[in-house]
2 protein chains.
Amino acid sequence: MSDVAALAGVSKMTVSRVLAGSGVAPATRERVQRAIDELGYVADAAAGALSSGRSAFAAVLVPSLASSNFSDTVRGLTAALEPQGLQLLIGDTDYDLEREERLVRSMLRHQPRCIALTGAQHTSGTRELLLRSGVPVVEMWDLPTSPIDAAVGFSNAKAAREMVRYLVERGYRRIGFLGGASELDRRGLERLKGYLQEVKMQGLGEPRVVRLGESPITMSHGAPALDALLHQWPDTDAVMCVSDMSAFGAIMQCRRRGLSVPGDIAVAGFGNFEVAACCAPTITTISVDAYGIGTRTGEALLAALAAQDGAAGATRASARKSVKIDFSVIARESA
Amino acid sequence: MSDVAALAGVSKMTVSRVLAGSGVAPATRERVQRAIDELGYVADAAAGALSSGRSAFAAVLVPSLASSNFSDTVRGLTAALEPQGLQLLIGDTDYDLEREERLVRSMLRHQPRCIALTGAQHTSGTRELLLRSGVPVVEMWDLPTSPIDAAVGFSNAKAAREMVRYLVERGYRRIGFLGGASELDRRGLERLKGYLQEVKMQGLGEPRVVRLGESPITMSHGAPALDALLHQWPDTDAVMCVSDMSAFGAIMQCRRRGLSVPGDIAVAGFGNFEVAACCAPTITTISVDAYGIGTRTGEALLAALAAQDGAAGATRASARKSVKIDFSVIARESA
DNA sequence: TTGAAAGCGCTACCAA
DNA sequence: TTGGTAGCGCTTTCAA
């Protein structure tokens with residue numbers, strides 16, 4: 001920066017002002033800009049952060065980047081935060097709460113302005129780190145009973161119940177559920193819980209649950225789970241799956257077994273992934289606006305930052321609100 | 001840090017050493033650690049970076065986080081770099097070279113130790129920024145003719161040619177190609193180029209190419225492209241697709257049209273995505289080790305950093321080597 | 001509108 | 001093994 005200042009014949013302070021875009025005479029500004037371009041100067045963000053006491057980072061933690069659900073959410077966050085000059089610091093927890101804590105600690109070292117986490121469950125260490133840091137936090141994809149700050153999500157249990165009701169309305173009675181195996185995937189467990197509640201409520205008899213393998217749930221979970229379900233309960237007339245991924249795997253397995261979908265057995269998914277719209281048959285599913293969760297989270301984060309800047313009295317508690325995201329059953333061919 | 005030092009009854013320097021893990025007497029170390037825990041102290045990475053002149057960041061740019069290809073590569077990079085204490089700074093270029101340049105500039109402000117880019121094509125501004133920064137660079141997923149530093153990838157054209165040869169061996173002659181529409185997706189264009197070369201080489205007559213819509217190629221591109229292909233060349237006996245995504249869409253469309261795969265028409269994909277293994281029929285494809293590209297890139301980056309530390313004479317040129325990643329045709333049911 | 005000085009929190013370096 | 005000092009490259013604050 002000294003070099004730039006010398007070349008432009010101004011002080012470092014003026015260069016700093018040009019970079020920040022604040023009150024500099026147009027002529028001076030242009031001279032400085034020319035010097036910057038000529039030298040290929042790139043300002044050091046670490047020095048700026050240290051000096052000003054505020055970084056330009058926003059931290060985001062998702063369980064998996066490979067899931068289109070979460071990568072859509074990250075895109076939404078990017079869309080909301082990047083125009084405000086925030087740089088995303090993205091971390092992949094791999095559905096591991098210990099790893100989440102390590103990542104939170106590591107990200108906190110960079111003094112992020114705000115942080116977005118996935119889910120309502122975290123280690124006590126994570127909560128403590130976050131609380132101590134004083135950084136605005138938004139939890140996504142769930143509606144925690146005791147949120148750290150704010151939350152943007154929906155009730156996975158309610159969504160699953162809605163799907164059961166949809167299937168019942170369509171005349172299905174012997175409904176199975178594939179998924180919810182892993183303690184790590186709380187959202188999957190919530191969906192299972194919703195299924196169990198509604199099966200009881202509707203008096204559909206004994207629940208028919210096949211718990212699949214590890215998170216994240218992938219397409220390949222679907223086939224063996226369907227086989228297991230039909231082995232134990234051969235008269236099952238509909239299956240709902242914890243995710244469109246496993247629903248797809250199940251449908252392909254039906255095809256291999258010579259079962260028609262939904263003629264012999266109906267199959268429903270969750271998430272409205274691309275495969276649900278493209279598969280033949282198209283897959284009935286729950287649509288959730290993953291991208292919207294990202295943008296809404298971004299907005300909540302920005303609001304918290306604005307509150308911080310504005311009223312010094314704006315307490316953490318005042319920002320503690322939940323944004324409920326809509327979901328809906330998308331009726332397609334498979335159920 | 002002063003607070004921690006005071007509480008532990010040592011100097012700041014000793015606290016710094018405990019954090020860095022270097023020569024401190026066990027008793028002192030423990031005392032300091034207790035103080036750290038008690039105060040919930042989290043070191044400021046920006047100050048450390050400024051002081052030491054080196055950050056703990058490794059920058060990564062991929063065209064899209066939603067593609068499992070690239071998210072696998074990011075996982076591989078994480079696996080290689082995180083154990084070395086490097087924190088990934090992940091950016092999503094959205095297949096936009098201008099955006100890539102902006103992201104590179106923005107990341108360079110954080111003084112990353114090294115940077116991984118996707119593809120061989122970049123704006124001249126990007127190249128200049130990178131060259132000037134002096135940071136080790138690895139380009140992934142391609143083998144550039146004039147790499148910036150090092151590269152880890154494969155020839156997408158050669159891979160496509162191998163697929164054409166495979167189809168010819170299987171007796172197909174009237175082979176179409178779906179994809180390669182967007183100038184933005186250089187790897188898709190390379191695959192198209194390989195198809196065209198091999199079709200000529202094998203004397204298969206007029207090429208049958210349907211260029212699909214925008215990047216990234218998704219499942220929904222497959223159906224309309226297949227329709228267009230069969231409309232223009234109804235006697236086509238095999239289709240190769242620029243990606244498993246579109247291959248899947250094409251196969252589902254065949255099903256809707258009552259065409260059996262591969263009986264009436266063979267379909268091949270590219271990338272060995274999960275859907276290729278789970279679809280019925282399973283999809284013949286080109287397998288590329290996306291995760292391995294990530295780990296190999298990470299290793300190349302670490303080697304460059306080690307060289308930097310070691311011999312001061314280690315020039316940029318000395319690191320300029322390409323790592324060739326293997327690919328292979330996975331023969332499955334669809335072709 | 002511009003400049004000068006102080007200092008952010010840490011680590012490199014040298015000394016004890 | 002430990003401590004003191006200097007300074008990293010910026011922004012804040014105040015003065016001109």
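Domain bounds here come from an automatic or database domain assignment. With that in hand, start on chain A. The model is predicted; local features need pLDDT of at least 70, side-chain atom pairs count only at pLDDT 80 or more, and totals for chains, interfaces and linings use all residues. Residues are numbered from 1 along each chain as its sequence is written, chains are lettered from A and ligands numbered from 1 in the order in which they are written, and side-chain values use heavy atoms, leaving out hydrogens and water.

**Stop 1: domains of chain A.** Colour 2-43 as domain 1, 52-154 + 305-325 as domain 2, and 156-288 as domain 3. Now set domain 1 of chain A against domain 3 of chain A: their centres, taken over C-alpha atoms, are 61 Å apart.

**Stop 2: DNA strand C.** Select the residues near it (a heavy atom within 4 Å). There are 22, and T14(A), R17(A), T28(A), S16(B) and Y41(B) come nearest. Of the strand C atoms within 4 Å of the protein, 59% are sugar or phosphate; the rest belong to bases.

Next, show polar contacts (pairs of N or O atoms within 3.5 Å). A polar backbone atom of S11(A) sits 3.0 Å from a phosphate oxygen of strand C. On A47(B), a backbone N or O atom is 3.3 Å from a base nitrogen of strand C. Helices α2 (12-20) and α4 (45-52), in chain A and in chain B, each give two or more residues to this surface. Helices are DSSP runs (H or I, at least four residues), numbered from the N terminus.

**Stop 3: DNA strand D.** Here 22 residues surround the strand, with S16(A), S51(A), T14(B), R17(B) and T28(B) the closest. Sugar or phosphate accounts for 54% of the strand D atoms within 4 Å of the protein. Pick out three side chains. An N or O atom of Y41(A) lies 2.6 Å from a phosphate oxygen of strand D. In S51(A), such an atom is 2.5 Å from a sugar or linking oxygen. In T28(B), the distance to a phosphate oxygen is 2.3 Å.

**Stop 4: the cores.** A nonpolar core joins buried Ala, Val, Leu, Ile, Met, Phe, Trp, Tyr and Cys residues through side-chain atoms within 4.5 Å; buried means under 20% relative accessible area (1.4 Å probe, protein chains only). The largest has 160 residues, and F248(A) and F248(B) have the most contacts inside it. Centre on F248(B). Its contacts (heavy atoms within 4.5 Å), not counting residues up to four places away in sequence, include F248(A), V275(A), M219(B) and I283(B). Apart from this core lies another, of 30 residues, among them L61(A), V135(A), F57(B) and L130(B).

How values were computed: Polar contact = N/O pair within 3.5 Å; in protein donor to acceptor, adjacent residues only side chain to side chain. Buried < 20%, exposed > 50% of the residue type's maximum accessible area, 1.4 Å probe, protein only.
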